[in-house]
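Welcome! Please open the sequence and the 3D view side by side, and keep them at hand while you read this short tour.

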Amino acid sequence: MRVLGVNALFHDPSAALVVDGRTVAAAEEERFSRRKHGKRPVPFSAWELPGQAARWCLEQAGLSPADLDAVAYSYDPALARPAADLGLHDPYDPVRQDYARAAPDFLAEELPGLDPDKVRFVAHHVAHAASAGLAAPHPDNAVLVLDGRGECASHLAGRYRGGTLEVLGSQALPDSLGLFYEDLTEHLGFLRSSDEFKVMALASYGRPRFADRLRAHAHGTGDGGFRARPVPWADLVPARAPGAPWTQEHADLAASAQLCLEEVLLDLAGWLHERTGEPVLTLAGGVALNCVANTRLWRESPFDRVWVQPAAGDAGTALGAALHVASRKDPTEPMPTPALGRGWGEEELREVLEAARVPYVRPPDIARTVAEALARDEVVAWFQGRSEYGPRALGHRSLLAHPGRADNVERLNAVKGREEFRPVAPMVRAERAAEVFDGPLPSPYMLFVHDVRPPWRGRIPAVVHVDGTARVQTVEDREEPLVARMLGHFERLTGLPAVVNTSLNTAGRPMVDSPRDALECFGSAPVGLLAIGPFAVRRGRAFS
């Protein structure tokens, strides 16, 4: 069965293709359109479809729209109710619902040859659940979904057995942990439905002194549900204007909300484990991108293992919707890798470099060349293989730097144009990780935080956050041989088993996806070396 999954209604439009139960391609529209998150999550943008991503997925498999057996759309308007009836202030939501109902015709126009009768609506949280429960390497699992909103709920709790979802609980709107965190994001002067990770980072600088007052608005109910209603944030701390300096009060408010979020998640996880007894918890929904909360679940919940889908936000519902529809006919396979996006071969990359008239060399071993540059404290742009699905750079579209230089975090934030409190992450070979970091290992998707062991904090200061933690990505030799080889060379040169890894982009721009994107980013940022496939481009030679 050939199923194209589509996420389009809210934000992070994306497409994914599942053929005979196997995921062959997945990509976010922002990587093609170069608009961060693809679009803003407002009703009037709900008609916009991930057309470029969808066409690329089909091309990757050599299919046309007419060849599809189904298109799975990750929202079911038949389940929706008027926003006012749900306690939401969203006066233009009827426009969103009209666009959702018209999605089959919109898709048929976007993908000529598609029969609109092949479009299947999949409940939003079921799509989220499938993106975790069916994509995980553990076929039987408990699944927890938390986000801003779906059709009429903000949460799903369930269990997968034999590829079938049993829904055990949900939380009706207007209670929503996702909206709770989004509202705080906006109050703190950041962009809602985009910058929630900045609030998580800011929380590390604060004390949760407002937690007791916030618990009146956000708390678990002990029965598999929770309360999370709008908070009068300004009664606690004045709003921060976008771009204005943050204060200790702002950090304390972020820390308080983060603590409340974690407490509710632990309550929900405890209830779900009591109902299922499953050893594995899988997570999806935008809240599952909160790696601090994920680690607390790993440490304190009754589950033995916690697995988070790397595209846990709405982009992942394209994959989940496709897997859900495909599972009704075919046994589905776990997600093979996050590297499900576009890639270019050696000759294609050479042609791009020649066309750009950029001087380049092909060193005997690009991994060694990069390791040597990093050891000299150069910043390196790393463009290798297929691009990642999801918001994390996992060794395919990365900026790399030396972790032993404390000022490299400030240096990289300046290169990218980011806030000074934002941390950068370490990439480490899996067999060396436990010596340096304490936390859930392996951690291939950078979705947990780990305590940096005391002997190493002074050795790799660039990746140690203010609270002594780091958001680790572990690298397996068999899965990422080129990255592992680069890490091995770097350790032999410096004695350090990790390098700094952050996404290859600048503030407000999507992650680099194509070779042209890589050259544009390299040309506009103070980066010493671009490693693009087997080729090396040096700044001094390219821009002398």
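Leaving aside neighbours within four places in sequence, which residues is Asn290 in contact with? They are Tyr181, Met200, Gln258 and Leu261, where contact means heavy atoms within 4.5 Å. Asn290 sits in the loop between strand S11 (280–284) and helix H11 (291–300). Asn290 is buried, with a relative accessible area of 7%.

Before going further, here is how to read the values. This is a predicted model, in which local features need pLDDT of at least 70 and side-chain atom pairs count only at pLDDT 80 or more, while totals for chains, interfaces and linings use all residues. Residues are numbered from 1 along each chain as its sequence is written, and side-chain values use heavy atoms, with hydrogens and water left out. Helices (H or I, at least four residues) and strands (E, at least two) are DSSP runs, numbered from the N terminus. Buried means under 20% relative accessible area, exposed over 50%, and partly exposed in between, with a 1.4 Å probe and protein chains only.

**Two helices side by side**

Two packed helices are described by the angle between their axes and the distance between the axes. Helix H6 (residues 177–187) packs with helix H10 (residues 248–276) at an angle of about 175°, and their axes are 11 Å apart. That makes H6 roughly antiparallel to H10. Here, axes are lines fitted to C-alpha atoms, for helices over the stretch in contact, and angles run from 0 to 180 degrees between N-to-C directions. Angles under 35 degrees count as roughly parallel, over 145 as roughly antiparallel, 65 to 115 as roughly perpendicular and the rest as oblique.

On the H6 side, Leu177, Phe180, Tyr181, Leu184 and His187 take part, and they meet Leu253, Ala254, Ala257, Gln258, Leu261, Val264 and Leu265 in H10. The residues of this contact divide into 10 nonpolar, two polar and no charged. For this count, Ala, Val, Leu, Ile, Met, Phe, Trp, Tyr, Cys and Pro are nonpolar, Asp, Glu, Lys and Arg are charged, and the others, Gly among them, are polar.

**A sheet of five strands**

Strands of a sheet pair through backbone hydrogen bonds, either parallel or antiparallel. Look for an open sheet of five strands in the order S8-S7-S6-S11-S12, with mixed pairing; two strands pair if DSSP finds at least two bridges between them. Which strands stand at the edges? They are strand S8 (164–172) and strand S12 (305–308), each with a single partner strand, so one side of each is left without a neighbour in the sheet. Neighbouring strands are turned by 20° against each other on average, direction ignored.

Strand S6 (residues 141–146) and strand S7 (residues 153–161) run antiparallel and are joined by six bridges. A hairpin links S6 to S7 through six residues. Along this pair, Asn141 stands opposite Tyr160, and Val143 stands opposite Gly158. S7 also runs antiparallel to S8, with eight bridges between them, and there His155 stands opposite Gln171. The hairpin of S7 and S8 has two residues between the strands, and Gly162 takes a positive phi near 60° in it. S7 is mostly covered, as eight of its nine residues are buried.

**Backbone details to look up**

Most residues other than glycine have a negative phi, and most peptide bonds are trans. The table lists some places that depart from this pattern.

| Place | Feature | Value |
|---|---|---|
| Leu173 and Pro174 | cis peptide bond | omega about 20° |
| Leu441 to Pro442 | cis peptide bond | omega near -5° |
| His37 | positive phi | phi about 65° |
| Asp377 | positive phi | phi about 70° |

Pro174 is found in the loop between S8 and H6. The C-alpha atoms of Pro174 and His89 are separated by 9.6 Å, although these residues are 85 residues apart along the chain. Is His89 buried or exposed? At 78% relative accessibility, His89 counts as exposed. His37, by contrast, is buried, with a relative accessible area of 15%.

**Cysteines**

How many disulfides does the structure hold? It holds zero disulfides, a disulfide being a pair of cysteine sulfur atoms within 2.5 Å. For Cys291, the nearest cysteine sulfur is that of Cys260, 18 Å away. Cys291 counts as buried at 2% relative accessibility, and Cys521 counts as buried at 10%.
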